[in-house]
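Visitor: I am new to this structure and should like to learn how to read its features. May we go through them in turn?

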Amino acid sequence: MSATHIHPSTTLPRHSKEVLLKQKGCVLWLCGLSGSGKSTIANALEHVLHDKGRFVIRLDGDNLRTGLNSNLGFSDEDRLENIRRTAELAKVLADNGVIVLCSLITPRGHLRDLARGILGDDFAEIYVKADYATCEARDPKGLYAKAAAGEVKQFTGKDSSFEEPQEPDLILDTEKLSVQDSTFEVLEFLRNKGIAS
Ligand code: ADP
């Protein structure tokens with residue numbers, strides 16, 4: 001659809017918001033299989049960063065699917081739109097100085113490329129890594145049991161593929177790292193990038 005008649009209004013500069021918040025806006029995009037630990041790590045990070053006085057907003061794939069993305073399913077087309085909307089929302093937040101933690105499976109390279117394309121330099125890809133068997137054993141939402149019983153269609157890692165990220169900015173191997181270790185790794189990453197200390 002053409003948007004030639006739309007004239008976005010200017011807002012207070014991003015830098016002003018970042019000075020106010022004493023941080024830089026960024027989007028940490030946590031991808032990985034269901035049960036790999038994305039939400040658990042994002043939740044721990046949000047608490048630690050909040051306690052340090054940082055302003056953080058979490059965008060969780062499951063939560064967004066109950067609202068903004070409630071009309072989307074798991075077809076390739078809908079997964080793409082799910083990522084596009086989430087990345088656009090994250091962009092608005094990062095442009096206002098917010099540290100955004102996105103936790104979405106984001107199973108394929110082209111989906112992560114889409115998010116990267118929308119977010120540019122604000123995008124950091126964090127691969128929360130655990131193999132199918134480990135996630136199946138954890139099964140925090142009971143989805144793996146349902147998938148094994150054929151009750152979940154297009155389940156990622158089973159009937160729908162998960163392509164491992166080729167060059168993520170950070171890998172959190174949750175088969176080896178505790179939640180605390182992973183949180184520490186991300187804090188180090190933010191410090192090294194000058195985003196927040
Ligand atoms: P996702 O958001 O990736 O679907 P969740 O964070 O909801 O995954 O679930 C991960 C589950 O694995 C939680 O029950 C968590 O307690 C458990 N878990 C066990 N070990 C770890 C670890 N080292 N890092 C993160 N989560 C872990």
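Guide: Certainly. Please keep in mind that this is a predicted model. Let us begin with the lining of the largest pocket, which by class has ten nonpolar, twelve polar and eight charged residues.

Visitor: How much space lies in the largest pocket, and which residues are the closest to its centre?

Guide: The space in the largest pocket comes to about 580 Å³. It is lined by 30 residues, of which S34, D62, I105, K141 and L143 are the closest to the centre. At least two residues of this lining are supplied by each of the helices α2 (38-51), α3 (61-64) and α4 (76-94).

Visitor: What should I note about the second largest pocket?

Guide: The second largest pocket holds about 180 Å³ of space. Of its 15 lining residues, C26, D121, D122, K193 and I195 are the closest to the centre. Two or more lining residues come from each of α1 (14-21), β1 (26-31) and β4 (123-129). The largest share, three residues, is that of β1. By class, this lining has seven nonpolar, one polar and seven charged residues.

Visitor: Let us turn to the strands. How should one read the two sides of a strand?

Guide: The general idea is that side chains in a regular strand alternate between the two faces of the sheet. In this structure, β3 serves as the case. I99, L101 and S103 lie on one side of β3, V100 and C102 lie on the other, and all of them are buried.

Visitor: Why is strand β3 described as largely enclosed by the rest of the structure?

Guide: Five of the five residues of β3 (residues 99-103) are buried, and therefore the strand is largely enclosed by the rest of the structure. A residue counts as buried when its relative accessible area is under 20%.

Visitor: Which strands pair with β3?

Guide: One partner is β1, which runs parallel to β3 and is joined to it by five bridges. Strand β2 (residues 56-60) also pairs with β3 in the parallel sense, over five bridges. I99 in β3 shows both pairings: C26 stands opposite I99, and V56 stands opposite I99 as well.

Visitor: I should next like to understand the aromatic rings. How is a pair of them described?

Guide: In general, two values describe a pair of aromatic rings: the distance of the centres and the angle of the planes. In this model the count comes to five aromatic pairs. Among them is the pair of W29 and F123, which is tilted, with 6.0 Å centre to centre and 45° between the planes. W29 belongs to strand β1 and F123 to strand β4, so this pair ties together parts that are 94 residues apart in sequence. Both W29 and F123 are buried.

Visitor: Why is the pair of Y132 and F155 called edge-to-face?

Guide: The ring centres of Y132 and F155 are 6.5 Å apart and the planes stand at 85°, so the pair is edge-to-face. Y132 is in helix α6 (residues 132-138), whereas F155 is in the loop between α7 (143-148) and β5 (170-173); the pair thus links distant parts of the chain, 23 residues apart. F155 is buried, with a relative accessible area of 6%. Y132, Y144 and F155 form one aromatic cluster.

Visitor: Where does a charged end sit over a ring?

Guide: The charged end of R65 sits over the ring of F74, at 3.9 Å from the ring centre. Likewise, the charged end of R112 sits over the ring of F162, at 5.7 Å from the centre of that ring.

Key. Residues numbered from 1 in each chain as written. Predicted model: local features only at pLDDT ≥ 70, side-chain atom pairs only at ≥ 80, totals over all residues. Heavy atoms only, no water. 1 Å grid on protein atoms, 1.4 Å probe; cavity = no way out; pocket = protein on both sides within 12 Å on 5 of 7 lines; lining within 4 Å. Points joined across faces, edges and corners; volume = space filled by probe spheres on them. Helix = DSSP H or I, 4+ residues; strand = E, 2+ residues; numbered from the N terminus. Nonpolar A, V, L, I, M, F, W, Y, C, P; charged D, E, K, R; others polar. Buried < 20%, exposed > 50% of the residue type's maximum accessible area, 1.4 Å probe, protein only. Pairing = 2+ DSSP bridges. Phe/Tyr/Trp six-rings, centres within 6.5 Å; stacked < 30°, edge-to-face > 60°. Lys NZ or Arg CZ within 6 Å of the ring centre and 35° of its normal.
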